[in-house]
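Let's take a walk through this structure together, one neighbourhood at a time. Have the viewer open and follow along.

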Amino acid sequence: MSHPFPHIRIEGSPHERGLTYGRLAAERIGNSLSLYRELFETYASLKWEEAVRRAALFEPSITEYLPDAIEEMRGIAEGAGVSYGDILALNCRSELMFALPDGCTSAIIPPEASAD
């Protein structure tokens, strides 16, 4: 069994760091993709293809705030042999899972705040 939290040392340009990490963590990345595909569908009723499409909407903000992160994610995807969209969706997982409208709105109006 591999160590649950391996120490992976990376260096170089953002793309080189991502490429190295993607190669060394390819199995873990694949496991994460499988897990999140299932979680998105089960808990957010979101197909993976739609999650990838929605994650792309975050790319301009990420590029503006931290452009090196985009290059590193591109390298990770290349190194792990997966799509860049997959890696972007993994990195936007919280925004995708918890920012979805759930179709439920509630309002409570206590008797003292209503005439009838």
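Before we pick out any charged pairs, here is the cut-off: a salt bridge means a side-chain nitrogen of Lys or Arg within 4 Å of a carboxyl oxygen of Asp or Glu. With that in hand, look at Lys47 and Glu41, whose side chains meet in a salt bridge with an N to O distance of 2.9 Å. Keep in mind as we go that this is a predicted model.

How exposed are the two partners? Lys47 has a relative accessible area of 48%, so it is partly exposed. Glu41 is partly exposed as well, at 39% relative accessibility. Buried would need a value under 20%, and exposed one over 50%.

That pair has company, since a search of the whole structure turns up seven salt bridges. One of them joins the side chains of Glu72 and Arg17, again at 2.9 Å from N to O. Here the sequence positions are worth a look: Glu72 sits in helix α5 and Arg17 in helix α1 (residues 14-24), so this bridge ties together parts of the chain that are 55 residues apart in sequence. Glu72 comes out as partly exposed, with a relative accessible area of 23%, and Arg17 is also partly exposed, at 23%.

Now hop over to helix α3 for a more local arrangement. Glu50 and Arg53 are both in this helix, three residues apart, which is about one turn. Their side chains form a salt bridge at 2.6 Å, N to O. Arg54 joins in too, because Glu50, Arg53 and Arg54 are linked in a network of salt bridges. As for accessibility, Glu50 is partly exposed at 24%, and Arg53 is partly exposed at 47%.

Time to leave the charges for the rings. How many aromatic pairs does a search of the whole structure find? There are two. In the Tyr36 and Phe40 pair, the ring centres are 6.0 Å apart and the planes stand at 90°, so the pair counts as edge-to-face. Both residues belong to helix α2, four residues apart, or about one turn of the helix. Phe40 also pairs with Trp48, this time in a tilted arrangement, with 5.5 Å from centre to centre and 50° between the planes. Put together, Tyr36, Phe40 and Trp48 make one aromatic cluster. Phe40 and Trp48 are both buried; for Phe40 the relative accessibility is 0%.

Our last stop is helix α6, residues 84-91. Is this helix largely enclosed or left open? Seven of its eight residues are buried, so α6 is largely enclosed by the rest of the structure. The buried ones are Tyr84, Gly85, Asp86, Ile87, Leu88, Ala89 and Leu90. What do they pack against? Their partners are α2 (26-44), α3 (48-56), α4 (59-65), α5 (67-80) and α7 (93-98).

Tyr84 gives us one more thing to look at. Arg74 lies over the face of the Tyr84 ring, 4.0 Å from the ring centre. So Tyr84 is a residue to click on twice: Tyr84 is one of the buried residues of α6, and its ring has Arg74 over its face.

Methods:
Residues numbered from 1 in each chain as written. Predicted model: local features only at pLDDT ≥ 70, side-chain atom pairs only at ≥ 80, totals over all residues. Heavy atoms only, no water. Buried < 20%, exposed > 50% of the residue type's maximum accessible area, 1.4 Å probe, protein only. Helix = DSSP H or I, 4+ residues; strand = E, 2+ residues; numbered from the N terminus. Contact = heavy atoms within 4.5 Å. Phe/Tyr/Trp six-rings, centres within 6.5 Å; stacked < 30°, edge-to-face > 60°. Lys NZ or Arg CZ within 6 Å of the ring centre and 35° of its normal.
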